[in-house]
Amino acid sequence: QVQLLETGGGSVQAGGSLRLSCVASGYTADVTCMGWFRQAPGKERETVARLQIGGSDVGSTSYAASVEGRFTLSQAYANRFDLWMNSLKPEDTAMYYCAAGPMDYDCHSGSSGDFPSWGRGTQVTVSS
């Protein structure tokens, strides 16, 4: 099993920045795809960013259109993945979750349900 722990959430004003970190532990050998997702109250969970760390396209990233150019997902070191969030907007307010899975060709296209491992989330609140 893979355990995921998210840190770095908090409250910021619009235009500010935050860095979220996700640390993976446990049996991570089969993990090839990492993702950050978010869910705001009353809304469905949505993909924020994904990073392929194994398989056919290592290092590839994908982002939701709403965060493209403002957020960056990177692998800080072996089992830590950072989501850098800049130019934050009130609409970025949500609970952010880290997820991991063994997907390869569908790392960027698969549904969130394809990720078997999830963290408990970290809250991000952006005030105007």
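Me: What makes C22 and C98 a disulfide in this predicted model?

Reply: The sulfur atoms of C22 and C98 lie 1.9 Å apart, and a disulfide is a pair of cysteine sulfur atoms within 2.5 Å, so the pair meets the criterion. The link is left-handed, with -75° about the S-S bond, and it connects distant parts of the chain, with C22 in strand 3 (residues 18–26) and C98 in strand 9, 76 residues apart.

Me: Why is C22 called buried, and why is C98?

Reply: Buried means under 20% relative accessible area; C22 has 0% relative accessibility and therefore counts as buried, and C98, at 1%, therefore counts as buried too.

Me: Why is the disulfide of C33 and C107 called right-handed or left-handed?

Reply: The torsion about the S-S bond of C33 and C107 is about 80°, so this disulfide is right-handed. The sulfur atoms of C33 and C107 are 2.1 Å apart, and because the cut-off is 2.5 Å, the pair qualifies as a disulfide. C33 belongs to strand 4, whereas C107 sits in the loop between strand 9 and strand 10 (117–118), 74 residues away along the chain, and both cysteines are buried. A search of the whole structure finds 2 disulfides, which follow the pattern 1-3, 2-4 when bonded cysteines are counted along the chain.

Me: How do you know that E46 and R38 form a salt bridge?

Reply: The distance from N to O between the side chains of E46 and R38 is 2.6 Å, and since a salt bridge requires a side-chain nitrogen of Lys or Arg within 4 Å of a carboxyl oxygen of Asp or Glu, the pair therefore qualifies.

Me: Why do E46 and R38 fall on opposite sides of the cut-off for buried?

Reply: R38 has a relative accessible area of 6%, which is under 20%, so R38 is buried; E46, at 34%, lies between 20% and 50% and therefore counts as partly exposed.

Me: What makes D92 and R38 a salt bridge, and which parts of the chain does the pair link?

Reply: Their side chains meet at 2.9 Å, N to O, and because the limit is 4 Å, this is a salt bridge. The pair links D92, in the loop between strand 8 (80–85) and strand 9 (94–101), with R38 in strand 4 (residues 33–39), 54 residues apart. Both D92 and R38 are buried. Salt bridges that share partners join R38, E46, R70 and D92 into one network.

Technical notes:
Residues numbered from 1 in each chain as written. Predicted model: local features only at pLDDT ≥ 70, side-chain atom pairs only at ≥ 80, totals over all residues. Heavy atoms only, no water. Buried < 20%, exposed > 50% of the residue type's maximum accessible area, 1.4 Å probe, protein only. Helix = DSSP H or I, 4+ residues; strand = E, 2+ residues; numbered from the N terminus.
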